[in-house]
Amino acid sequence: MATSSVPESESDSSCVGSDYAEIIVLRHGETAWNADGRIQGHLDVELNDAGRQQAAVVGDRLSKEPKISLVYSSDLARAYETAQIIAARCGGIKVVTDVDLRERHLGDLQGLVFRDTAKLNPKAHQAFVSRETCQEIPGGGESRDQLHQRCTSSVQRIGNKHKGERVVLVSHGGFIRTLYKEASPDGRSVAKVLNTSVNIIHVYEDGKWTIKSWGDVSHLNQTGYLQSGFGGDEKSG
């Protein structure tokens with residue numbers, strides 16, 4: 001896909017052009033496993049109280065911004081509950097779940113505390129930290145190439161369906177870091193995606209993506225939940 005970045009001067013515009021979709025990409029709120037440093041992957045873990053508070057605060061923020069047409073969400077509980085809270089705060093917008101918006105499947109590492117993975121399952125750990133993008137993780141885990149294909153195709157599909165509209169997409173740290181790398185003009189990675197950070201991309205039908213803004217957590221500054229939680233970086237799950 002062709003990519004470029006949007007100049008800062010355009011980042012405050014509330015207008016959405018007819019030739020692209022504005023997708024507000026959010027990581028789910030915090031879970032108890034985030035707080036413990038435990039890898040989730042496709043395992044279904046609910047939000048904790050901090051995560052519900054984060055979702056409510058970002059929902060309040062979005063309710064004051066230009067109209068949102070629809071909320072898309074991973075079907076995993078931590079994302080879906082985040083999406084439901086946001087939708088309720090924004091006047092009861094419909095939430096549509098999509099399995100393609102799930103976190104990367106991390107195979108035999110799922111359920112383990114990250115710092116223990118090298119000792120408890122060295123083979124899966126080595127696969128996870130490998131720089132080979134085609135390396136799958138034992139136990140049914142996805143390679144980074146497989147994750148990339150799933151992420152980009154699902155977001156392009158959503159973008160094509162919503163040209164001229166703003167939609168919210170609630171997903172996971174590994175998924176969102178993949179989107180950033182795809183949309184970044186130089187293909188670089190982002191260090192970390194915080195819980196309920198606001199990341200906005202424009203998706204054009206011809207496959208061009210642009211980043212409007214990234215990593216905005218200004219809504220969390222007064223909550224005490226800004227830096228809480230594990231994941232959203234290269235150890236994400």
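A salt bridge here is a side-chain nitrogen of Lys or Arg within 4 Å of a carboxyl oxygen of Asp or Glu. Keep that rule in mind while moving through this structure, which is a predicted model.

Begin by selecting E81 and R52, whose side chains meet in such a salt bridge, at 2.6 Å from N to O. Because E81 lies in helix α3 (residues 77-89) and R52 in helix α2 (residues 49-63), the pair ties together parts that are 29 residues apart in sequence. If you then look at R52 alone, its relative accessibility of 28% means that R52 counts as partly exposed.

Stay in helix α2 and select R61 together with D216, which form a salt bridge of 2.7 Å, N to O. Since D216 belongs to strand β7 while R61 lies in helix α2, this pair ties together parts that are 155 residues apart in sequence. R61 is buried, with a relative accessible area of 19%, whereas D216, at 26% relative accessibility, counts as partly exposed. Adding E22, E65, R166 and K212 to R61 and D216 in your selection shows one network, joined by salt bridges that share partners.

Within that network, select K212 and E22, whose side chains meet in a salt bridge of 3.2 Å, N to O. K212 lies in strand β7 (residues 209-216) and E22 in strand β2 (residues 20-27), so the pair ties together parts that are 190 residues apart in sequence. Both K212 and E22 are buried.

Finally, go to T117 in helix α4 (residues 117-120), where a relative accessibility of 1% makes T117 count as buried. Leaving aside residues up to four places away in sequence, T117 touches I39, L109, L112, P122 and H125.

Technical notes. Residues numbered from 1 in each chain as written. Predicted model: local features only at pLDDT ≥ 70, side-chain atom pairs only at ≥ 80, totals over all residues. Heavy atoms only, no water. Helix = DSSP H or I, 4+ residues; strand = E, 2+ residues; numbered from the N terminus. Buried < 20%, exposed > 50% of the residue type's maximum accessible area, 1.4 Å probe, protein only. Contact = heavy atoms within 4.5 Å.
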